[in-house]
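Biologist: I should like to learn how to read a protein model, feature by feature. Could we go through one together?

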Number of protein chains: 2
Amino acid sequence: MSSARITALRRLELFQSLPESGLARLTRNAVTLNLPRAADLFGQGEEPEFLHVLLEGGVQLLGGASDGRETVVEVVRPVDCFILAAVLSNEPYLMTARTLEPTRVLLIPATELRQQLAEDPQLALTLLATLSKQYRDMVRNIKNLKLRSAVQRLGCYLVTEFGDAAAGTEVRLPVDKKLLASHLGMTPETLSRAFNALRSHGATVHGGSVTLTDPAALRALCQPDNLIDILHPADEAQ
Amino acid sequence: MSSARITALRRLELFQSLPESGLARLTRNAVTLNLPRAADLFGQGEEPEFLHVLLEGGVQLLGGASDGRETVVEVVRPVDCFILAAVLSNEPYLMTARTLEPTRVLLIPATELRQQLAEDPQLALTLLATLSKQYRDMVRNIKNLKLRSAVQRLGCYLVTEFGDAAAGTEVRLPVDKKLLASHLGMTPETLSRAFNALRSHGATVHGGSVTLTDPAALRALCQPDNLIDILHPADEAQ
């Protein structure tokens with residue numbers, strides 16, 4: 001494996017504390033895949049064959065209903081791995097993984113991961129840390145869906161994503177509005193209404209870009225919360 | 001520790017594959033707590049000091065908003081442990097744990113768990129299995145909330161809970177209706193309307209009891225799904 005690849009993998013918490021030999025062994029039979037936009041990496045219900053590590057691009061994890069409808073459960077950005085729980089439990093994926101743009105993923109064979117896991121206690125500890133974080137992300141997701149209005153969800157998303165940008169700077173939404181609506185658990189029409197509602201409370205949208213005109217007002221209205229959102233220190237200042 | 005206690009702990013997947021010595025060591029400094037109904041075991045935002053193992057009774061895990069509103073994220077029944085991810089990552093609880101009835105819990109000091117974890121690879125593997133299951137439960141929860149109508153959520157809950165009971169048998173709801181509504185992500189009024197809607201589709205409610213008059217009709221309407229619900233083999237028969 002190239003040293004550039006190893007440097008990239010070291011950015012992933014999962015691999016940070018693994019010794020060089022453990023990382024080399026784990027990725028020995030890994031393959032890299034380059035995919036176009038809108039390609040399915042796997043479908044829900046399929047047996048997990050690989051641990052997927054996202055190196056470049058973007059992936060959405062979709063939950064599907066039996067009637068074919070789909071919802072975005074999570075958006076994955078590099079460098080991150082998905083979906084560890086299915087691989088570890090060797091049970092069918094509960095979500096479909098679809099690329100958002102041209103994407104590069106590293107596929108680590110699930111059997112290799114499980115075998116090395118049985119022999120390398122350090123790997124088990126790093127996997128526990130990663131899985132704990134992924135579990136907590138899902139709990140935050142549920143609290144966000146069940147405790148907040150659509151306007152509040154959108155406002156907290158904007159504060160979390162763009163709270164670091166200076167007031168008045170125009171920034172691009174990282175995903176299109178249809179996907180954002182699904183991610184936040186609302187229809188595109190509700191998302192439009194929520195953007196309208198925020199216009200006089202510190203955030204305006206133009207096409208695919210957003211300007212936080214008054215971040216403090218937005219925070220006051222939407223009440224971002226460390227136990228739901230993942231806040232940067234600056235976001236917590238009121 | 002009494003042999004009855006050890007037998008109880010063996011029912012928990014987490015402890016099934018641990019050798020006697022590992023289990024004895026892990027529970028060496030554990031204490032048992034008997035609590036009345038409506039007691040908080042811990043509050044969200046607090047630092048985790050113990051892994052909680054529910055031996056008897058029932059516990060609800062609640063997510064709270066900054067304005068004080070709460071929602072039921074999960075209901076825990078014996079024997080099960082909660083909330084492993086906070087204990088392992090040593091980060092503040094994202095949920096509050098409150099008893100639903102007189103409850104008996106075993107408290108395993110978090111520091112002991114983490115220490116034994118670093119020394120006992122077998123424990124790490126059992127924790128990974130438990131945490132994978134807990135992660136997957138949360139994904140199912142999100143899919144249920146985002147992909148289904150209130151009527152469909154209630155119908156699938158009834159099939160999952162009572163699908164094994166013979167058609168026409170009256171069974172008691174395991175939680176009161178206010179808590180059930182919160183658990184299913186709806187208001188008590190919406191829950192009432194959903195019960196009314198199901199009357200002509202295979203399920204009737206009287207007070208705190210339910211009768212599945214026509215389980216096949218209920219399944220046909222609500223479409224329970226193995227990748228959202230946790231189905232028994234009988235539930236899957238159409």
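Modeller: The turns below take up the chains, a sheet, the core, the domains and some backbone features of this predicted model.

Biologist: How are chain A and chain B related in space?

Modeller: One copy is laid on the other, and the turn and shift are read off. Here chain A can be laid on chain B by a turn of 180 degrees and a shift of 0.0 Å along the axis, with an RMSD of 0.0 Å. The two copies are therefore related as by a two-fold rotation axis. The same surface serves both copies, since 100% of the contact residues of chain A recur in chain B.

Biologist: In what order do the 4 strands of the open sheet in chain A lie?

Modeller: Strands of a sheet pair through backbone hydrogen bonds, in either a parallel or an antiparallel way. In chain A the order is β1-β8-β3-β6, and the pairing is antiparallel. At the edges are β1 (31-35) and β6 (80-82) of chain A, each of which pairs on one side only. On average, neighbouring strands of this sheet are turned by 30 degrees against each other, direction ignored.

Biologist: Over how many bridges do β3 and β8 of chain A pair?

Modeller: Strand β3 (residues 50-56) and strand β8 (residues 103-109) of chain A pair over 6 bridges, in the antiparallel sense. Within this part of the sheet, A:Val53 stands opposite A:Leu106 in β8(A). Helix α5 (residues 110-119) of chain A lies across β3 and β8 of chain A, and runs at about 55 degrees to β8(A).

Biologist: Which residues have the most contacts inside the largest nonpolar core?

Modeller: In soluble globular proteins, nonpolar side chains tend to be buried together. The largest nonpolar core of this model has 106 residues. Those with the most contacts inside it are A:Phe15, A:Val53, A:Phe82, B:Phe15, B:Val53 and B:Phe82. Leaving aside neighbours within four places in sequence, B:Val53 is in contact with residues including B:Leu9, B:Leu12, B:Phe15, B:Val79 and B:Leu106.

Biologist: Where do the domains of chain A begin and end?

Modeller: The domain assignment gives domain 1 (3-145) and domain 2 (149-236) for chain A. The C-alpha centres of these two domains lie 27 Å apart. Their contact takes 14 residues from domain 1 of chain A and 13 residues from domain 2 of chain A.

Biologist: Is A:Asp164 buried or exposed?

Modeller: One compares the relative accessibility with a cut-off: over 50% is exposed. A:Asp164 has 54% relative accessibility, so it counts as exposed. A:Asp164 lies in the loop between α7 (150-162) and β9 (170-172) of chain A. A:Asp164 and A:His232 are 68 residues apart in sequence and 7.9 Å apart in space, C-alpha to C-alpha.

Biologist: Which residues does a cis peptide bond join in chain A?

Modeller: The angle to inspect is omega. A cis peptide bond joins A:Phe82 and A:Ile83, with omega about -25 degrees. A:Ile83 lies in the loop between β6 and α4 (84-89) of chain A. In chain B, a cis peptide bond joins B:Phe82 and B:Ile83, also with omega about -25 degrees.

Biologist: What is the phi of A:Ala38?

Modeller: A:Ala38 has a positive phi of about 65 degrees, although it is not a glycine. A:Ala38 is found in the loop between β1 and β2 (40-42) of chain A. At 47% relative accessibility, A:Ala38 counts as partly exposed. B:Asn90 is likewise not a glycine and has a positive phi of about 55 degrees. B:Asn90 is found in the loop between α4 and β7 (96-99) of chain B.

How values were computed: Residues are numbered from 1 along each chain as its sequence is written. Chains are lettered from A and ligands numbered from 1 in the order in which they are written. This is a predicted model: local features need pLDDT of at least 70, side-chain atom pairs count only at pLDDT 80 or more; totals for chains, interfaces and linings use all residues. Side-chain values use heavy atoms; hydrogens and water are left out. Copies are superposed by least squares on the C-alpha atoms of residues with pLDDT of at least 70 in both. Contact means heavy atoms within 4.5 Å. Two strands pair if DSSP finds at least two bridges between them. Helices (H or I, at least four residues) and strands (E, at least two) are DSSP runs, numbered from the N terminus. Axes are lines fitted to C-alpha atoms, for helices over the stretch in contact, and angles run from 0 to 180 degrees between N-to-C directions. A nonpolar core is a set of buried Ala, Val, Leu, Ile, Met, Phe, Trp, Tyr and Cys residues joined through side-chain atoms within 4.5 Å. Buried means under 20% relative accessible area, exposed over 50%, partly exposed in between (1.4 Å probe, protein chains only). Domain bounds come from an automatic or database domain assignment.
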